[in-house]
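Please open the structure in your viewer and keep the selection tool at hand, as this tour moves from one selection to the next.

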Amino acid sequence: MQCTRCGSEGVIINRKYSGQLLCSDCFIETTRKKVMRDIRKYKLIERGDRVLVGLSGGKDSVMVIDILDELRERNIIELEAVTIDEGIGGYREDGVKIAGKICAERGIPHRVVSLKDYAGITLDEIMENPSRSACTYCGVFRRWILNREARKSQATKIATGHNLDDETQAIVMNYLEGNLENLTRIGPMTSSAGGRFIPKIKPLREIPEKEVALYVLARGLEVHLAGCPYASGSFRREIGDFLKQISVKRPTIMYSTLRGFDRIKEILRRDLQGSRKSGVCAECGEPASGKLCKACTFIDELKG
Ligand SMILES: [Zn+2]
Ligand SMILES: [Zn+2]
């Protein structure tokens, strides 16, 4: 087998959806180009942006920071990273360590903030007596903390590591659950009414999860590989397994899910815009649709 791009031996990937066979160097280069092209196409980043990366130390966020670092080196953006410690004993420590190392090596400002400091409780403590799934708590609290951290450091964008699999999972999940409001918030860049949400960007939205894993391997980047102990059996996981399974025979299915969704999203948004309220939380000042934001609602519940 030869690389379809440069002809060299040592092919590391057969991209079934595009028919390319690629060597390590060509794989890295085409992947970086694809991400940069999406950044331009969707105007995710502009010159002078101060970008905050939510860096867990997992493969996705490590790849994001590795790619955005090039824009920092070219003085196009400023870059900084925050790692959120949810308080998951025996799991999060490794990710925190790896995240710190990556930033130290590159001179990227980095800080670690904990759910305990923000909400007075760890995820382990929440899960002793939960009334919701760990992923629901974690998702709400992480978004809330990231937004507050971004505001603190006057970041103009928040970059997350969501990949193609994550995005198609979210689309299919929300379809199946009938959550049309949630669907309107899915996309390469999300910003919310009122301007109090720092725009969130997903530079890896079109990169399959498998290729994210291969990218960090090919680049020799250290990542935290363990899966979250609370993720098993989640609805998201079931949908993810289903999508992976049908992708074997239909390699373009995740892309067509994404493209189809992107076409109807604007229509959905126009139709639903009137029903979306936006205000600020009486407790923390973050965006909220009711009196309190979701995070503060959860905190009240957990205290009560
Ligand atoms: Zn090649
Ligand atoms: Zn709040």
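## The zinc site

In this predicted model, begin by selecting the zinc ion (ligand 2), whose site is tetrahedral, with angles of 106 to 115 degrees among its four donor atoms. Now add Cys281, Cys284, Cys293 and Cys296 to the selection, and you will see that each coordinates the zinc ion (ligand 2) through its SG atom, at 2.2 to 2.3 Å. Along the chain, these donors follow the spacing C-x2-C-x8-C-x2-C. Cys281 sits in the loop between strand E9 (279-280) and strand E10 (287-288), while Cys293 sits in the loop between E10 and helix H12 (294-303), so this pair ties together parts that are twelve residues apart in sequence.

Are Cys281 and Cys293 buried or exposed? Cys281 has a relative accessible area of 4% and is buried, and Cys293, at 4% relative accessibility, counts as buried too.

## Glu206 and its contacts

Next, select Glu206, which you will find in the loop between strand E8 (200-201) and helix H9 (209-218). Because its relative accessibility is 3%, where under 20% means buried, Glu206 counts as buried. Leaving aside residues up to four places away in sequence, Glu206 touches Lys34, Asp38, Tyr42, Leu164, Tyr255, Leu258 and Arg259.

Which side chains make polar contacts with the side chain of Glu206? One polar contact, of 3.3 Å, joins it to the side chain of Tyr42, and another, of 2.8 Å, links the side chain of Glu206 with that of Arg259.

Finally, select Glu177 together with Glu206: the two are 29 residues apart in sequence and, from C-alpha to C-alpha, 24 Å apart in space.

How values were computed:
Residues numbered from 1 in each chain as written. Chains lettered and ligands numbered in written order. Predicted model: local features only at pLDDT ≥ 70, side-chain atom pairs only at ≥ 80, totals over all residues. Heavy atoms only, no water. Helix = DSSP H or I, 4+ residues; strand = E, 2+ residues; numbered from the N terminus. Buried < 20%, exposed > 50% of the residue type's maximum accessible area, 1.4 Å probe, protein only. Contact = heavy atoms within 4.5 Å. Polar contact = N/O pair within 3.5 Å; in protein donor to acceptor, adjacent residues only side chain to side chain. Donors = N, O, S within 2.8 Å, 3.2 Å for Na, K, Ca; no water. Tetrahedral: all angles 85-135°; square planar, octahedral: opposite > 155°, others 65-115°.
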